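Student: Could you take me slowly through one part of this model, a helix and what surrounds it, and explain what each step rests on?

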Amino acid sequence: MYKNKFILAVALVASAFMMTSCGGPKKLTQRIIPKAVSTINSVGLSELNLKHGTDYTIVNTVTADATILYSEQRKGEQITIKEENGEFKLVYTFDSEQEKWYLTDFDGIARFGFLSNDEGQTSLREVNPENVARHFAIYKIINASKVRGADGLIEPVISTNVDQRGKEIVFKTTVSAKLIKLKTDAK
């Protein structure tokens with residue numbers, strides 16, 4: 001009698017484990033979204049406490065632009081954020097049960113740049129075309145500074161204009177800054 005109760009109890013526990021493992025919520029697989037990230041130091045001239053000509057030189061003033069197109073599809077249940085020349089595209093879909101936006105598709109490589117004093121890094125999980133435009137323009141100016149052999153940027157100016165082309169909203173960000181090269185001690 002005890003043997004039958006023991007076997008029944010073991011069978012019940014085993015079936016409970018099997019039901020929870022098979023019928024439980026499905027785990028979402030996380031997709032790797034290709035993105036390239038660059039960071040550069042950005043300070044004001046007064047913070048440097050350096051003398052122009054003696055400690056550093058201004059290499060050049062550079063400007064970089066980024067244009068991002070934002071559009072809604074399927075009666076506002078899907079959003080597309082894409083770079084104007086097709087470098088990357090992000091597609092978000094609204095889940096009405098969870099009341100959240102999810103990144104459901106992407107194409108290309110999203111390239112982002114950050115100034116060292118930027119607050120909060122941009123996440124591709126967020127629907128924010130203005131941040132995408134801003135950080136893509138900063139990425140471009142960082143690459144321009146590397147090409148010119150600069151050590152940093154001083155006094156960057158960042159502006160974003162918003163326009164509309166038909167059903168698309170256009171976010172155009174322009175970043176402009178002076179590139180500096182620090183002088184090394186040659187003794």
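Tutor: Before we begin, one term is needed: a polar contact is a pair of N or O atoms within 3.5 Å, where, within protein, one atom must be able to donate a hydrogen and the other to accept it. Please keep in mind that this is a predicted model.

The part to look at is helix α3, which runs over residues 129–147 and reaches 27 Å from its first C-alpha to its last, close to the 27 Å expected at 1.5 Å a residue. Many residues of α3 are buried, including Val132, Ala133, Phe136, Ala137 and Ile141, and just after the helix Gly149 takes a positive phi of about 75°.

In soluble globular proteins, nonpolar side chains tend to be buried together. Here the largest nonpolar core has 29 residues, of which Ile68, Ile81, Phe88 and Ile141 touch the most other members. Strands β3, β4, β5, β7 and β9, together with α3, each supply at least two residues of this core, and α3 gives the most, with eight residues. Phe88 is in contact with Val132 and Phe136, and also with Ile68 and Ile81, among others.

A second place to look is Thr173, which lies in strand β9 and is in contact with residues that include Glu130, Ala133, Arg134 and Ala137. Thr173 counts as buried because its relative accessibility is 0%, and buried means under 20%. The side chain of Thr173 is joined to that of Thr160 by a polar contact of 2.8 Å, a value that can be set beside the cut-off of 3.5 Å.

Technical notes:
Residues are numbered from 1 along each chain as its sequence is written. This is a predicted model: local features need pLDDT of at least 70, side-chain atom pairs count only at pLDDT 80 or more; totals for chains, interfaces and linings use all residues. Side-chain values use heavy atoms; hydrogens and water are left out. Helices (H or I, at least four residues) and strands (E, at least two) are DSSP runs, numbered from the N terminus. The expected span of a helix is 1.5 Å times one less than its number of residues. Buried means under 20% relative accessible area, exposed over 50%, partly exposed in between (1.4 Å probe, protein chains only). Contact means heavy atoms within 4.5 Å. A nonpolar core is a set of buried Ala, Val, Leu, Ile, Met, Phe, Trp, Tyr and Cys residues joined through side-chain atoms within 4.5 Å. Lists of a residue's contacts leave out its neighbours within four places in sequence.
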